[in-house]
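This briefing goes through one protein model for a reader at the bench, topic by topic. Please keep the sequence and the structure in view while reading the points below.

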Amino acid sequence: MALLRLKTVLQATTVICGVGDWVNKANNSPPIQFNRLNNHKTDRLLSLFFSQISSTTTLMGKGPGLYPDIGKKARDLLYKDYQSDHKFTLTTYTANGVAITASGAKKGELILADVNTKLINKNITTDVKVDTNSKLCTTITIDEPAPGLKTIFSFVVPDQRSGKVELQYLHEYAGISTSIGLTASPIVNFSGVAGNNTVALGTDVSFDTASGNFTKYNAALSFSTSDLIASLTLNDKADSVTASYYHTVSPLTNTAVGAELSHGFSSNENSLTIGTQHSLDPLTTVKARVNNSGIASALLQHEWRPKSLFTISGEVDTRAIEKSAKVGLALALKP
C-alpha cells in the first residue's frame, strides 16, 4: 500500500511540474519559483500533492478511527452536498479570532436560519449556535487533555434533558466513544472499533436507564486498502443490513465510484444507490448518482475563490420524466 501511495505522490509531482512548464512556455518566462506562486489552481494542486505525502507518511499510524467513520467515504460520495433546497452560508472572523457563521435555507415555503460562533482557545473549542426555532445549542470540546483523548460537553436551551458528556479515545488499534446524558435517568451510549488500517470491527449500542432496555445495537465490519474501502453494517437492532463500496480510480483527478446496498429483514425491501465523482480541474468537481427507484441526481461544485464554494444540484425521476426536476443551490462564502 505504501508503494502505491508513493507512486501517486510521484504522479502528483509530475503533474505539478507539468503545469509549471506549461505556464513558462506560454508566457516565455523564467522558471516559476514555488514561493512566488499565487495562482489559486496551483495552490490546489500543491494541496493535493502534500495531502498525498501526508497520507503516505501517516499510513501506518492512522488507526481504525471511530464507529461513524465506517462506511463514511461511500456515504459522502453518494449523499454529501446533494440537496433540492436553496442555502446560503457566510463566514467571517473578528479581530480576536472568533468565527461567525450565518446560514439561511429555503425548504419549500419554509425559511430556516441560524447563527453560529466558534472560539478556539488553545485546546478548547466553544461553539454556540442560535436558530429560528429559538434554540441555543452550545458545544465545548477539549482536545487531548490526555494523549488520544477528546472530551465533548453539549446542551440545548431550553431543553433541560439535552445535556450530554462524551469521551472519545483514539488509539493505533482502537477507537472508543462513550456518552451519557446529564439527567436523573440518562441514556448511555457506547461505540467501539478495534482493528488496524486494513480490517476493523465495531459496535454501537445505547441503553436507556429509565426503561432498562437497549434502544440501539448495531455492528459493522470494514475492509480497506490504499484505493478501496468496503464495509458491512447491521442496523436497526439487527433488522437491516447495509453493504457499501468505495473505490478511488484516480487520486489526481479525485475520480471515485461507490455503491450502497441495503436490505430490510422485516420489510423485505431492498435499496441500491450507485454514484461517481470526478474533478474537471482543481477547482471544479462533478458528481452523479442513481438508485433503484429511478431517481437520478447530479451536482457541480466550483471553488470560485479560496474556501468559497458554489454548488448546483439537480434531481429527476426517470420513471416519471414528465415531472419537473428538483434543483438545489448552495453558496458558501469564507474570507
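**Core and overall make-up**

The largest nonpolar core consists of five residues, namely Tyr67, Ile70, Val193, Ala200 and Ala220. The model in which this core is found is a predicted one, and the protein in it has 335 residues, of which 30% count as buried.

- Ala220, one of the core residues, touches Tyr67, Ile70 and Ala200, and also Leu201, Gly202, Leu232 and Thr233, when residues up to four places away in sequence are not counted.
- In soluble globular proteins, nonpolar side chains tend to be buried together.
- The protein contains three helices and 19 strands, and among its contacts with a separation of 6 or more, 31% are accounted for by residues 24 or more positions apart.
- About 20,000 Å² of the protein is exposed, and carbon and sulfur atoms supply 61% of that area.

**Strand pairing towards the end of the chain**

- Strand E15, residues 270–281, pairs with strand E16, residues 284–291, in the antiparallel sense over eight bridges, and the two form a hairpin with two residues between them.
- Within the pairing of E15 and E16, Ile274 stands opposite Val290 in E16.
- E16 also pairs in the antiparallel sense with strand E17, residues 295–305, here over seven bridges, and Arg289 stands opposite Ser297 in E17.
- The hairpin of E16 and E17 has three residues between the strands, and in this hairpin Gly294 takes a positive phi near 85 degrees.

**A nonpolar patch on the surface**

- Leu280, Leu300, Trp304, Phe310, Ile312, Val327 and Leu329 make a nonpolar surface patch of about 590 Å², and the elements that give two or more residues to this patch are E17, strand E18 (308–317) and strand E19 (326–333).
- Phe310, whose place is in strand E18, has a relative accessible area of 34% and is therefore partly exposed.

**Salt bridges**

- The count of salt bridges comes to three.
- Lys72 and Asp76 form a salt bridge in which the closest N and O atoms are 2.7 Å apart; because the two are four residues apart in helix H3 (residues 72–79), they are separated by about one helical turn.
- Both partners of that bridge count as partly exposed, Lys72 at 36% relative accessibility and Asp76 at 25%.
- Asp85 forms a salt bridge with Lys107, with the closest N and O atoms 3.1 Å apart; Asp85 lies in the loop between H3 and strand E1 (86–93) and Lys107 in strand E2 (residues 99–107), so the pair ties together parts that are 22 residues apart in sequence.
- Asp85 counts as buried at 18% relative accessibility, whereas Lys107 counts as partly exposed at 40%.
- Asp204 and Lys216 meet through their side chains in a salt bridge of 3.1 Å, N to O; this pair links distant parts of the chain, with Asp204 in strand E10 (residues 199–208) and Lys216 in strand E11 (residues 213–224), 12 residues apart.
- In this pair Asp204 counts as buried at 9% relative accessibility, while Lys216 counts as partly exposed at 29%.

**A buried serine**

- Ser154 has its place in strand E6, residues 149–157, and with a relative accessible area of 16% this serine is buried.
- Leaving aside neighbours within four places in sequence, Ser154 is in contact with Thr138 and Thr139, and also with Ser162, Gly163 and Lys164.

Methods. Residues numbered from 1 in each chain as written. Predicted model: local features only at pLDDT ≥ 70, side-chain atom pairs only at ≥ 80, totals over all residues. Heavy atoms only, no water. Pairing = 2+ DSSP bridges. Buried < 20%, exposed > 50% of the residue type's maximum accessible area, 1.4 Å probe, protein only. Contact = heavy atoms within 4.5 Å. Core = buried A, V, L, I, M, F, W, Y, C linked by side-chain atoms within 4.5 Å. Areas by Shrake-Rupley, 256 points an atom, 1.4 Å probe, with all protein chains shown as cover. Patch = residues over 30% accessible without salt bridge, like charges linked within 9 Å, V, L, I, M, F, W, Y side chains within 5 Å. Salt bridge = Lys/Arg side-chain N within 4 Å of Asp/Glu carboxyl O.
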